[in-house]
Every structure is written in structure tokens, then in C-alpha cells.
Amino acid sequence: RKTISINPIATDTAKYLGSEWIAPRPGTDCAMMLGMIHELVRTKKTDEAFLAKCTYGWPELRDYVMGKTDGIEKRRLGSAGVRRAGRKIVELVHDMQSHRTMIMMGWGIQRIQYGEQSHWMGFALAAALGQIGLPGGGIGTNYAYSNGGTPMAYGPFLGGISSSVKP
């Protein structure tokens, strides 16, 4: 198992866990996840059966991501402020799709105008991966969907890390 921290700031927690660090520009979370969803659609790696059965609005989101609604494909990961890491983000989304993945988002990114959109985009990415509700994957089992789809404050905490960690 590995952890990847996608955060403009290299956090102490990520360092402690030995997480790989990807540093996007602040405020580019949605653009990056739109690019990730675009890559899944482009390579036909979305879970269409899950999306048809368990979501509402996927055809509209897919059309938006692929540029059918506004003529702009949301594929440019470089526009998400991770120009140097664009290839890494493509590799990451394919890795996420091929393995059980838990997307864990902190609440801090919502504290800007339209900040809630990053959380909704995280749910959309998890849905596109088709891993919501599976043991060990999605935003599901360890985050929001384990509570009937309502985000709970205890979701993003890692229960296995003691509060009295010795150096």
C-alpha cells in the first residue's frame, strides 16, 4: 500500500507516512480531477455499469469533460498547475483505476469561493473509478459513502495512527 499526497504544501503527515508528493497550484483541484476523469473516459476505463446504475448526471458530466457542451476538452492536466507532473497524474489515475483506491480529502480546500466543488469532483472521480462502496476503495468505505452518502467529520482521519507517536 502506498499513499500519495496531492497538496501544495508538503505536510508533516505526508512526510511521516512516506507519501509521494504532488504539488498542484492552490485552487486547481477541480481542473486536475477533470483531467483525470477525461483520461479515464478517453481510455475507456470508467465503470459505465456502475455509473449507469448508481449515479445521476454521468452522461452530462462525461459530455462536459469531453468538450461536447462547450467545445473544450478537459484533458490538459498542465492547466491544473501541475505542468511538470502531468505525466505523473496520468500514471496516477491509471494506477488508481487498476487498484483499490481510497480518495481522502481534507476540509481545508472548501474554504475558498466555490471550494465545495473540489469535494464534489472528488466524488465524481471516485464514481468514475467505480470503487464507491467496495471494501478498501473509493471515497466509499472509509469516507463519505459508508454513511449513506453524507460526508462525516470523522471520515478523513487515519484511525491507525496513534496520537502519541514517538519520534
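This briefing walks through the nonpolar core, helix α4 and the ring contacts of the structure above. The model is predicted, so local features need pLDDT of at least 70 and side-chain atom pairs pLDDT 80 or more, while totals for chains, interfaces and linings use all residues. Residues are numbered from 1 along each chain as its sequence is written, and side-chain values use heavy atoms, leaving out hydrogens and water.

**The core**
- The largest nonpolar core (buried Ala, Val, Leu, Ile, Met, Phe, Trp, Tyr and Cys joined through side-chain atoms within 4.5 Å) has 28 residues, and M36, I37, W58, M96, I103, M121 and L125 touch the most other members.
- Helices α2, α3, α4, α5 and α6 each give two or more residues to this core; helices here are DSSP runs of H or I, at least four residues, numbered from the N terminus.
- The largest share, eight residues, comes from α2.
- Beyond its neighbours within four places in sequence, L125 is in contact (heavy atoms within 4.5 Å) with M33, M36, I37, L40, V93, M96 and I103.

**Helix α4**
- W58, L61 and V65 are the buried residues of α4, buried meaning under 20% relative accessible area and exposed over 50%, with a 1.4 Å probe and protein chains only.
- What covers the buried residues of α4 includes α2, α3 and α6.
- After α4 comes G67, with a positive phi near 85°.

**Rings**
- W120 and F123 form a tilted aromatic pair, 5.7 Å centre to centre with 40° between the planes; pairing needs centres within 6.5 Å, and tilted lies between stacked (under 30 degrees) and edge-to-face (over 60).
- W120 is exposed at 59%, whereas F123 is buried at 8%.

Terms used:
Phe/Tyr/Trp six-rings, centres within 6.5 Å; stacked < 30°, edge-to-face > 60°.
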